[in-house]
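Thank you all for making time this morning. I would like to walk you through one structure, slowly enough that everyone can follow along on the screen.

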Amino acid sequence: MSFSTGGEAMNYVKLRTILNNIDKEEQLREFSKIYSTTEINGLHYVDFNSANNFIHIYTPSQELHYYSTCFLLKPKYDDIPINTLSSHSHEIRKFLDYLKFWEIDLLKVDLSIVLVGYVCYLRLLKIVRFPPNRAIEWSLLKKIPIHKKAEAFGKLSSIRLNKEGVMVQERFEDYPFDTIRSHIETACDYLKFLQDETHEYKNIDLAPIPIKVVYKTNKISGVTQRKISNIIFDVHAIMTKASFSKPKSSSNFIKPLSRDVMIEQDVKTFLSLIPSKDNQTKLLFYILKSFGIRRGEARNLMIPSKSIPKELYSLDFNEAKEWLLSADLGDISFDQNNNVWICHVEIREVTNFQSQFKSNINRTIPLLFPQDDLTNLLLEHLIERQIVMDEMGLDHEFLFYSNSNNSKGQPLTGGTIFSKYRSIIDGTETEEYYKKFSPHAFRHFFATHLIRIMRIPIYDVSKLLGHKDEKVTKQIYLHYLPDKDDNSTDSTAKDMIDTFRNDKGV
């Protein structure tokens, strides 16, 4: 089936002609005109059933799209979480829509041009969501869903006032830059899959797609390090060719924290709402409030599971505690020299789409709250975790795991952490109060507690939070900074921070 607009066919030749236009703004204008006037007979859709753990992609005519479904099945059997695959499936279905619109024959085109055009398409696309039980409605659409700014290209002002009354440039796209980049990465991976795993596309020419060499440093035996090279598709080059770059962040555009912040009593009350037998959730939120890390960073905390004794759950409590305080537990470990728990935040490449970091700064954070609380919570959790891992026959190194029936024992996701928060407050007398917060509120509690109560210098707080510089921290916590002539500081906490900054690079 061919698509047309104004009597002119949509095909690869037309796509290439538009992309050869030097004026990039004119390209978007032309694409927005085409997409807003094109009539379609539905879009691809995803059949996702988390309960039965299956995921399929269907064409607008409601036929199974075989290759894309196989693309999703391969990582599924490599134990990639089903929610991650769900995200990839929606990225792939958009790519399939785009290929269908332009009648792309993957064996006869320059794939770098195709991908650049796909970036333009995503920049114009509107965020539309149907719940899983209504996914088939994608196949009924008659218009390509593009956002309002694309429909009124150049007619609406992109300048607006923010909540602080400051004039700022409004984002043109509905989808954030990083989301679009993820779509391009998935499209590249799909093309590589077609070449490697299918007979029909074994001769697909991937050479025009830019590549780059990346190096990773691997630790061997905890001491020796070596660099390993890996060739990957250069998504940044594709985005650059499409004249789409990540908006530059500036502390001038960072909003001061204006909403309420939890105080210590709020945190204690929240923790008391967690069921007494839910050891993992108690530990999770204790770590969020005590180390000030993001939920994605908490989700990615890892422990060397092979170092945990097989008989941990049968040890005497004191023996187990003695082991815990002397063991190498990876990201959460006890420093015996200073008698303090520390949290190592390491930036890792992960497959889970909800685990993206907003910072690329590794850091070490000492526990500035009572040590015994974490000791007891962590020990109870590790015993329970070992039982679940044995029961499910799993052996990953993520500290936190899912308790859902369909993914029990699998690594926890950032979305699950938010769901846990809401389930804790649902139906309680304080529900309305805590609904205005989220898991990120514990990071704000940590920062403001250090600034207001412990009087820790803003430079140190910035380093513990993983901000790129203290200007960012000052801007966010502007209303919580002490007076300039207030030099009172919790000397014990400050000494501890200084110790780990000097020794461990905080």
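I will go through some helix pairs, then the nonpolar cores, then a serine in a loop, and finally the cysteines.

Please keep in mind throughout that what you see is a predicted model.

Let us begin with helix H1, which covers residues 12-19, and helix H2, which covers residues 24-37; their axes come within 9 Å and cross at roughly 145°. If you look at the side of H1 that takes part, you will find Lys 14, Leu 15, Ile 18 and Leu 19, and these meet Lys 24, Gln 27, Glu 30, Phe 31 and Ile 34 in H2. Sorted by class, that contact is made of five nonpolar residues, one polar residue and three charged ones.

A second pair is helix H10, residues 279-291, with helix H16, residues 441-453, and here the axes are 6 Å apart and the packing angle is about 40°. From H10 come Phe 285, Leu 288, Lys 289, Ser 290 and Phe 291, while H16 brings Phe 442, Arg 443, Phe 445 and Phe 446. This contact divides into six nonpolar, one polar and two charged residues.

Now for the cores, where a general remark may help: in soluble globular proteins, nonpolar side chains tend to be buried together. In this model the largest nonpolar core has 69 residues, and the members that touch the most others are Ile 287, Ile 293 and Leu 382. Apart from that core lies another, of 67 residues, which includes Tyr 45, Val 114, Tyr 175 and Ile 238. Going back to Leu 382, and leaving out residues up to four places away in sequence, its contacts include Ile 303, Trp 323 and Leu 399.

Next, where does Ser 305 sit? Ser 305 is found in the loop between helix H11 (295-299) and helix H12 (317-326). Its relative accessible area is 13%, and because buried means under 20%, Ser 305 counts as buried. The side chain of Ser 305 makes a polar contact of 3.3 Å with the side chain of Asp 395, and, setting aside neighbours within four places in sequence, Ser 305 is in contact with Arg 385, Asp 395, His 396 and Glu 397.

Finally, how many disulfides does the structure hold? The number is zero. Two of the cysteines deserve a look all the same: Cys 120 is buried because its relative accessibility is 2%, and Cys 188 is buried because its relative accessibility is 1%.

Notes:
Residues are numbered from 1 along each chain as its sequence is written. This is a predicted model: local features need pLDDT of at least 70, side-chain atom pairs count only at pLDDT 80 or more; totals for chains, interfaces and linings use all residues. Side-chain values use heavy atoms; hydrogens and water are left out. Axes are lines fitted to C-alpha atoms, for helices over the stretch in contact, and angles run from 0 to 180 degrees between N-to-C directions. Helices (H or I, at least four residues) and strands (E, at least two) are DSSP runs, numbered from the N terminus. Contact means heavy atoms within 4.5 Å. Ala, Val, Leu, Ile, Met, Phe, Trp, Tyr, Cys and Pro count as nonpolar, Asp, Glu, Lys and Arg as charged, and the others, Gly among them, as polar. A disulfide is a pair of cysteine sulfur atoms within 2.5 Å. Buried means under 20% relative accessible area, exposed over 50%, partly exposed in between (1.4 Å probe, protein chains only). A polar contact is a pair of N or O atoms within 3.5 Å; within protein, one must be able to donate a hydrogen and the other to accept it, and residues adjacent in sequence count only if both atoms are side-chain atoms. A nonpolar core is a set of buried Ala, Val, Leu, Ile, Met, Phe, Trp, Tyr and Cys residues joined through side-chain atoms within 4.5 Å.
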